[in-house]
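I opened this notebook to record how the helices pack and how the chains meet. The entries follow the order in which I looked things up.

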Amino acid sequence: MAEISKPRSKARPGANMRLVDALQYRLPVAALVSILHRVSGMLMFFLLPFIVWMFDKSVTSEISYDTFASAFTAGIGFVPGFLVKLVVLALIWAYLHHATAGVRHLWMDATHSVSKQQGHSSAVATFAISIVLTLALGAKLFGLF
Amino acid sequence: MAINYGSKRLVVGAHYGFRDWLSQRATAVVMVLFTLALLLQVIFGGPLGYDSWSGIFAQQWMKVLTFVVIVALAYHAWVGMRDVWMDYIKPVGLRLVAQVATIAWLVGCAGWAVQVLWRL
């Protein structure tokens, strides 16, 4: 890229790259798996209280279980049901992508398979597994089957 | 003097980065095993409702496993989020605030989850 050959800011040599600059790079599939591993982890971290809330409501009593179940249809408080479903769908994707990408890490650790080609094909496999399972569970969540 | 760096580095030593790398994987494996254990019980536990769902977590072995997973998840998320803050937040004061908030967030969520688990 042309930008890279330009001298960096004279005011601060070696300054950190700005996010807008970082977004100019076209990522290979493996890099996309990597950054989404991070994004999905952060998403689950920030939604952790919601996850614990769902656990709390779903197991505490039959009454709380009904509250949990109706959150997906009638909504909860000011949040409509479809928004609850969308957030849960995002969590499903985040979990599936994070877990699949994590197993890919374990597989690479165990087999030392770190060639460019294997990195590419395992990244494609990671996306295939996580996206197909997300679509299937998402269809179930939204009552398509 | 014995060589204790490179491939011969001391596993129990500090500041190699190895401990975080290993704990991230160990906690991940615990969570994957928990996922499989839960999934099998949901799939083969008959029609899903309050009784069958809460019954899964009422078993003592499942309580123990879930408790271990809550601790593993908190530690796993701590290592991950700390790496994120270290990568993107450079001012030391701001990074400290983010790290302390992360610990408070994780300990709070873990405590809540344990409380839910314990009263079943």
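The entries below deal with the interface first and then with three helix pairs.

**Entry 1. Status of the model.** I note at the outset that this is a predicted model. I therefore treat each value below as computed from a prediction, with local features taken only where pLDDT is at least 70.

**Entry 2. The interface between the chains.** I asked how many residues each chain brings to the contact. Chain B contributes 32 residues and chain A contributes 23 residues. I then looked up the area buried between chain B and chain A, which is about 2400 Å². Carbon and sulfur atoms give 71% of that area. On the chain B side, the residues that lose the most area to chain A are Y50(B), W105(B) and W112(B). Together these residues account for 26% of what the chain B side buries.

**Entry 3. Salt bridges.** Over all chains, I find five salt bridges in the structure. How many of them lie between chain B and chain A? The count there is three. I looked up two pairs by name. One joins the side chains of D87(B) and R38(A), with an N to O distance of 2.7 Å. This pair crosses between chains, running from helix α3 (residues 60–88) of chain B to helix α3 (residues 29–46) of chain A. The other joins the side chains of R25(B) and D109(A), at 2.3 Å from N to O.

**Entry 4. α1 and α2 of chain B.** I turned to helix α1 (residues 18–44) and helix α2 (residues 50–58) of chain B, whose axes lie 10 Å apart at an angle of about 140°. That angle makes α1(B) oblique to α2(B). The crossing of the two helices is right-handed. From α1(B), the residues in contact are F34(B), L38(B), Q41(B) and V42(B), and they meet W53(B), I56(B) and F57(B) of α2(B). By class, I record six nonpolar residues, one polar residue and no charged residues in this contact.

**Entry 5. α4 and α5 of chain A.** In chain A, I examined helix α4 (residues 48–60) against helix α5 (residues 62–71). Their axes are 5 Å apart, and the packing angle is about 130°. The two helices are therefore oblique to each other. α4(A) and α5(A) make a left-handed crossing. On the α4(A) side, I list W53(A), M54(A), D56(A), K57(A), S58(A) and T60(A); on the α5(A) side, S64(A), Y65(A), T67(A), F68(A) and A71(A). The residues of this contact divide into five nonpolar, four polar and two charged.

**Entry 6. α4 and α6 of chain A.** Finally, I asked at what angle α4(A) crosses helix α6 (residues 81–111) of chain A. The axes cross at roughly 110° and come within 12 Å. That makes α4(A) roughly perpendicular to α6(A). The contact is formed by F50(A), I51(A) and M54(A) of α4(A) with V84(A), V87(A), V88(A) and L91(A) of α6(A). I count seven nonpolar residues here, with no polar and no charged ones. I also note that M54(A) of α4(A) appears in the contact with α5(A) and in the contact with α6(A).

Definitions and conventions:
Residues are numbered from 1 along each chain as its sequence is written. Chains are lettered from A and ligands numbered from 1 in the order in which they are written. This is a predicted model: local features need pLDDT of at least 70, side-chain atom pairs count only at pLDDT 80 or more; totals for chains, interfaces and linings use all residues. Side-chain values use heavy atoms; hydrogens and water are left out. Axes are lines fitted to C-alpha atoms, for helices over the stretch in contact, and angles run from 0 to 180 degrees between N-to-C directions. Helices (H or I, at least four residues) and strands (E, at least two) are DSSP runs, numbered from the N terminus. Angles under 35 degrees count as roughly parallel, over 145 as roughly antiparallel, 65 to 115 as roughly perpendicular and the rest as oblique. A crossing is left-handed if the near helix is turned anticlockwise from the far one by less than a right angle, and right-handed if clockwise. Contact means heavy atoms within 4.5 Å. Ala, Val, Leu, Ile, Met, Phe, Trp, Tyr, Cys and Pro count as nonpolar, Asp, Glu, Lys and Arg as charged, and the others, Gly among them, as polar. Buried area is the accessible area (1.4 Å probe) that two parts lose on being put together, summed over both. A salt bridge is a side-chain nitrogen of Lys or Arg within 4 Å of a carboxyl oxygen of Asp or Glu.
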